[in-house]
Amino acid sequence: MHCSACGSTVGSTARYCAQCGRRIDRTHDGPRAIVGDRRIVTALFADLVDYVRLVAEHDAEDVQQRVDAAFEAMAAAIRRYDGTVEKFIGDAVFAVFGSPRSHGDDALRAVRCALSVRDALGRVPATGGVDPLQVRITLATGEVVAGRRDTEGLPAVSLTGPAVVTAARLQEIAQPGEILADAATVHAARRPLAVDDRGQIVLRGQPHEVHVMAIEGEMVGAAWLPVSHGSLVGRAGELATLTSALDDAVASGHGRALFIMGPAGVGKSRLVEELAGYARDRGVRWSWVDNVSYGTAEPYRFIRALAQQLADEVGTDSGSLTRRWLFTPEVDPTAARRMAGAIAAVARDAEFSGWEEEAAFAPTDPAVVRAGVVEAAAAYTARLRDELGPRVIVIEDAHWIDRSSAEVMTELIPMWLEGPFLVVATTRDEAVPAWAIETSPDPIDLAGLGLPETQELVEQVAGLRLDDDDLHGLHDRTAGNPLFVVETVRAGLDDGSLGERDGRLARVRPDAGDSLPLTLRSLLGARIDALDADGREVMEVASVVGMSFDTAVVANLLERPLVPATLGRLQDARLVAGTDVPDRHRFAHPLFHDVAYLGMLASRRRVLHGRLATLLADQEPRVGVGVVALQWAAAGDRDRAVPLLLQAAEEAQAMGAPIEAGGFWRAAADLLGDGPRALELRRRAAAELEST
């Protein structure tokens with residue numbers, strides 16, 4: 001059995017872990033449940049304004065009714081976006097997005113939740129003369145340690161990290177009705193937001209300035225781009241396919257459906273945004289509906305969102321436009337009743353303006369509703385064609401389209417193709433919906449950029465060309481994924497590991513590790529969080545071994561057999577891949593390895609590195625002393641690591657490998673601290689590097 005906090009092996013009767021002192025939880029059988037980790041979250045604090053004054057000036061019962069209604073509205077918004085209410089604190093609520101599970105878009109969920117909370121409180125009815133309620137909301141994004149805390153026998157999950165503190169401190173400067181966020185949240189939302197930049201602010205108790213922004217809302221109809229004002233890189237052929245299809249649709253009056261597929265960050269939205277500019281130049285209208293992971297269970301969300309966009313375009317509400325377009329004198333009354341019933345049913349199950357009264361009398365049979373929606377969509381499409389002409393309809397993140405809309409897409413898209421409409425849908429390559437394959441059998445499959453295009457993208461971000469050796473390293477690490485390239489370069493510029501050298505961008509701090517931006521940790525962490533506990537544990541343990549790993553070594557560290565089905569699921573999820581060597585696997589991408597490794601508690605990492613060091617030291621054939629030394633160093637075992645690191649450094653120097661020797665000396669110095677011996681080793685390492 002293992003300690004749930006640090007992963008150490010514990011005896012069958014032990015009550016406490018000998019490694020970290022944590023009480024042993026024996027309530028779970030089977031694979032270890034991961035109850036402690038490091039993860040990226042967005043923290044949200046929402047605080048009712050003037051609560052103390054309201055209590056002093058009004059009847060306590062009236063105030064309680066208003067406050068209860070406000071808290072229920074807050075909780076409902078948090079639930080809608082799949083956040084977690086951590087606690088209610090007097091007149092405030094603290095929630096997190098990204099724990100216990102990451103979704104990949106948690107910052108955006110938190111922003112939209114904040115906007116919903118502010119709007120919802122404005123609709124809380126006034127009672128007993130109590131003033132309208134106002135709220136101040138604050139957001140911050142960053143790494144937290146999520147650990148289990150057991151106080152007086154009451155288990156709970158605690159979150160500790162700068163993001164929680166920053167969100168709480170922002171409450172002290174937020175004004176009534178404001179939504180304040182740190183810049184990390186605005187950037188991680190990866191959507192165009194209307195913000196008022198408040199600049200760098202020193203918050204109480206914080207050692208560094210925080211870049212603060214007031215969020216005013218979302219910018220509708222604009223796509224988020226990872227590079228501001230940059231030209232499209234490396235997608236000329238794919239763009240030509242899209243523009244040619246649009247030209248054909250406009251000229252012939254008959255539509256096309258094209259599907260763009262690829263992993264997150266590969267540039268699907270960027271390609272579509274380039275098409276949008278081309279369409280606008282030609283005077284072709286444009287509808288862009290982004291589907292979201294938390295909207296998959298919201299009935300007919302996609303269809304309602306498209307209807308609302310069209311209504312906004314002509315300056316009316318969705319209900320009025322639907323009535324005007326569908327219920328004309330020439331429409332058969334029986335058909336009108338069928339369509340009206342279906343639309344009212346949709347309005348009953350989810351917000352749709354103008355149909356609240358009819359919703360009470362809508363049909364309840366799903367088949368009847370679906371048939372009515374399809375019939376209404378056909379009539380709507382005809383009016384759309386006749387009244388507004390050619391159009392591009394973008395279905396963003398089609399893998400997240402709601403179930404109700406997905407059921408009618410195989411009928412809806414052919415209707416659009418009867419008119420001058422170009423339908424462009426984007427999806428992730430691991431989650432292509434069945435209806436997409438039926439309607440667009442030849443998708444545009446985006447892969448990573450090549451080396452020249454990666455260099456061009458780096459130059460857009462940094463204004464400098466990247467040194468050739470560093471370019472190859474960046475390309476290997478990111479696989480040419482444009483988002484990964486941009487975020488990695490920006491992180492390197494921010495932490496100082498990248499800088500100008502001889503007129504080029506280069507790694508100016510060779511001792512610095514590759515920074516992993518918050519956006520990527522959140523995005524890729526969601527893929528790992530989607531696994532079961534067994535799969536997550538295998539990913540963690542394998543990340544300690546390295547980019548590639550033997551199944552026998554992982555099983556040894558797990559101290560139990562590695563279930564083949566678990567590896568199969570990891571391969572199906574495209575997180576790991578097989579190799580030509582039997583029983584040897586590798587991570588499908590270096591960043592998956594990094595996210596799995598960084599997601600572990602440091603205490604657990606140290607224990608696993610110690611086990612691996614012991615295993616490597618005893619195995620045959622023997623591995624190099626430097627390999628074992630670095631494992632003991634990662635385990636934090638100075639007594640075992642330092643002598644081996646010094647031996648490895650001398651061997652490397654003797655073989656004419658000064659960079660490797662310097663690395664071993666620096667590792668030993670880091671373990672020794674700041675004493676004279678550590679300073680001497682750092683000087684030796686610096687001298688070896690200068691000699692190269």
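The exercises below, each with a worked solution, concern a predicted model.

**Exercise 1. The parallel sheet**

Find the order of the strands in the five-stranded open sheet, and say which strands stand at the edges.

Solution. Start with the order: the five strands run β10-β11-β12-β9-β13, and their pairing is parallel. Next, look at the two ends of that order. Strands β10 (285-290) and β13 (444-445) each have a single partner strand, so one side of each has no neighbour in the sheet. Then take one pair inside the sheet. Strand β9 (residues 256-261) and strand β12 (residues 421-427) run parallel and are joined by six bridges. In this pair, M261 stands opposite T427 of β12.

**Exercise 2. A helix across the sheet**

Describe how helix α8 lies relative to β10, and list which of the residues of α8 are buried.

Solution. First place the helix: α8 covers residues 301-314 and lies across β10 and β11 (391-396). Its direction makes an angle of about 145° with β10. Now check its length. The 14 residues of α8 reach 20 Å from the first C-alpha to the last, close to the 20 Å expected at 1.5 Å a residue. The buried residues are R301, F302, R304, L306, A307, L310 and A311. To read that list, recall that an α-helix has 3.6 residues a turn, so residues three or four places apart point the same way. Finally, see what comes after the helix: α8 is followed by G315, which has a positive phi near 80°.

**Exercise 3. A hairpin and its turn**

Which strands form the hairpin that holds D502, and is D502 buried or exposed?

Solution. The strands are β14 and β15, with two residues between them. Strand β14 spans residues 498-501 and β15 spans residues 504-507; they pair in the antiparallel sense over four bridges. One facing pair is R501 and R504, the latter in β15. D502 lies in the loop between the two strands. Its phi is positive, about 55°, although D502 is not a glycine. With a relative accessibility of 78%, D502 is over the 50% cut-off and therefore counts as exposed.

**Exercise 4. Two unusual backbone sites**

Where are the cis peptide bond before P100 and the positive phi of R190 found?

Solution. Take P100 first. The bond joining S99 and P100 is cis, with omega about 10°. P100 sits in the loop between β3 (92-97) and α3 (106-122). Turn to R190, which is not a glycine but has a positive phi of about 55°. R190 belongs to the loop between α5 (183-189) and β7 (193-201).

**Exercise 5. A buried aspartate**

Decide whether D594 is buried or exposed, and find which side chain it meets in a polar contact.

Solution. D594 is in helix α22 (residues 590-598). Its relative accessible area is 16%, under the 20% cut-off, so D594 is buried. A polar contact of 2.5 Å links its side chain to that of R477. Apart from neighbours within four places in sequence, D594 is in contact with R477 and L516.

**Exercise 6. The nonpolar cores**

Which residues touch the most other members of the largest nonpolar core, and which helix gives the most to this core?

Solution. The largest core has 57 residues, and M539, V554, L570 and L645 touch the most other members. Helix α26 (residues 658-672) gives the most to this core, with six residues. Now follow L645: beyond its neighbours within four places in sequence, its contacts are A629, L630, A633, F664, A667, A668 and L671. A second, separate core has 38 residues, among them A46, Y81, A110 and I215.

Technical notes. Residues are numbered from 1 along each chain as its sequence is written. This is a predicted model: local features need pLDDT of at least 70, side-chain atom pairs count only at pLDDT 80 or more; totals for chains, interfaces and linings use all residues. Side-chain values use heavy atoms; hydrogens and water are left out. Buried means under 20% relative accessible area, exposed over 50%, partly exposed in between (1.4 Å probe, protein chains only). A polar contact is a pair of N or O atoms within 3.5 Å; within protein, one must be able to donate a hydrogen and the other to accept it, and residues adjacent in sequence count only if both atoms are side-chain atoms. Contact means heavy atoms within 4.5 Å. Two strands pair if DSSP finds at least two bridges between them. Axes are lines fitted to C-alpha atoms, for helices over the stretch in contact, and angles run from 0 to 180 degrees between N-to-C directions. The expected span of a helix is 1.5 Å times one less than its number of residues. A nonpolar core is a set of buried Ala, Val, Leu, Ile, Met, Phe, Trp, Tyr and Cys residues joined through side-chain atoms within 4.5 Å.
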